[in-house]
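These are my notebook entries on a single protein model. I record what I looked up, in the order in which I looked.

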Amino acid sequence: MSETHPFKPIFDRNSKILILGSFPSVISRKFDFYYTNPQNRFWRVLAGVLNSPLPESTDEKIKFLLSHHIAIYDAAISCEINGSSDAKMSKIVPVNLKPIFEEANIKQVYANGGKAYEICKKYLEDEIIKATKNEVIKLPSTSPANAKFSLEKLANEWSVIARALE
């Protein structure tokens with residue numbers, strides 16, 4: 001089934017890093033915000049590596065991101081997808097990152113998982129390098145589908161975020 005990305009990127013002019021997922025899950029689309037599946041470890045990992053309280057509400061999550069100079073979005077603006085599986089994504093249309101790069105001073109882009117990284121490398125690499133002077137960095141997915149990564153192992157890998165913001 002063809003799906004279009006249902007929500008806007010989260011960023012402001014102070015954002016320094018951009019984290020790109022692949023495409024919102026069925027649960028995220030239902031609740032109209034990023035990483036709302038309680039099994040997804042995105043918010044727990046970020047709060048942990050940034051030594052901050054876990055944001056609960058959508059407003060708290062937005063304030064959390066912006067207060068840490070983090071922007072988030074997804075690499076695909078539309079695609080054919082069955083359920084939430086990145087492996088089932090096809091007919092991918094990449095997002096337009098230009099508005100983010102024009103307003104924010106993004107220094108580094110991180111991909112949340114293999115599919116986001118693949119989309120970045122295939123469609124967005126030139127734009128990312130031109131804007132940041134850096135290649136996208138692949139981080140292990142916080143998705144529950146990435147069961148081989150414990151919360152502790154994810155936090156260890158994602159700690160590059162905290163170092164990038166120092």
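Entry 1. The model is predicted. I began with Lys121, which has a relative accessibility of 26% and therefore counts as partly exposed. I noted that salt bridges with shared partners join Lys121, Glu125 and Glu135 into one network. Within this network, the side chains of Glu125 and Lys121 meet at 2.4 Å, N to O. I found both residues in helix 5, where they stand 4 residues apart and are thus separated by about one helical turn. Glu125, at 22% relative accessibility, is also partly exposed, because buried means under 20%.

Entry 2. How many salt bridges does the whole structure hold? My search of the whole structure gave 4. One of them joins Arg29 to Glu3, with 3.7 Å from N to O. Arg29 belongs to helix 1 and Glu3 to strand 1 (residues 2–4), so this pair ties together parts that lie 26 residues apart in sequence. I looked up the exposure of both partners: Arg29 is buried at 18%, and Glu3 is buried at 15%.

Entry 3. I returned to helix 5 for the salt bridge between Lys115 and Glu118, whose closest N and O atoms are 3.1 Å apart. The two residues are 3 residues apart in that helix, about one turn. Is Lys115 buried or exposed? Lys115 is buried, with a relative accessible area of 15%, whereas Glu118 is partly exposed at 44%.

Entry 4. I then examined the surface charge. Lys16, Lys98, Lys107, Lys130 and Lys133 gather there in a patch of positive charge. I located Lys133 in the loop between helix 5 (114–132) and strand 7 (137–139). Its relative accessibility of 67% is over 50%, so Lys133 counts as exposed.

Entry 5. I next checked backbone angles. Most residues other than glycine have a negative phi. Lys133 has a positive phi, near 65°. I also noted Lys91 in strand 5 (residues 90–94), with a positive phi of about 45° although it is not a glycine. Lys91 is exposed, at 66% relative accessibility.

Entry 6. Last, I looked at two buried loop residues. His68 lies between helix 3 (58–67) and strand 3 (70–74) and is buried at 18%. Its side chain makes a polar contact of 3.4 Å with the side chain of Ser67. Phe23 lies in the loop between strand 2 (17–21) and helix 1 (26–31), and I recorded it as buried at 6%. From Phe23 to Glu60, the C-alpha distance is 22 Å, with their positions 37 residues apart in sequence.

Key:
Residues numbered from 1 in each chain as written. Predicted model: local features only at pLDDT ≥ 70, side-chain atom pairs only at ≥ 80, totals over all residues. Heavy atoms only, no water. Patch = residues over 30% accessible without salt bridge, like charges linked within 9 Å, V, L, I, M, F, W, Y side chains within 5 Å. Areas by Shrake-Rupley, 256 points an atom, 1.4 Å probe, with all protein chains shown as cover. Lys, Arg positive; Asp, Glu negative; His and termini not counted. Charge placed at Lys NZ, Arg CZ, Asp CG, Glu CD. Buried < 20%, exposed > 50% of the residue type's maximum accessible area, 1.4 Å probe, protein only. Polar contact = N/O pair within 3.5 Å; in protein donor to acceptor, adjacent residues only side chain to side chain.
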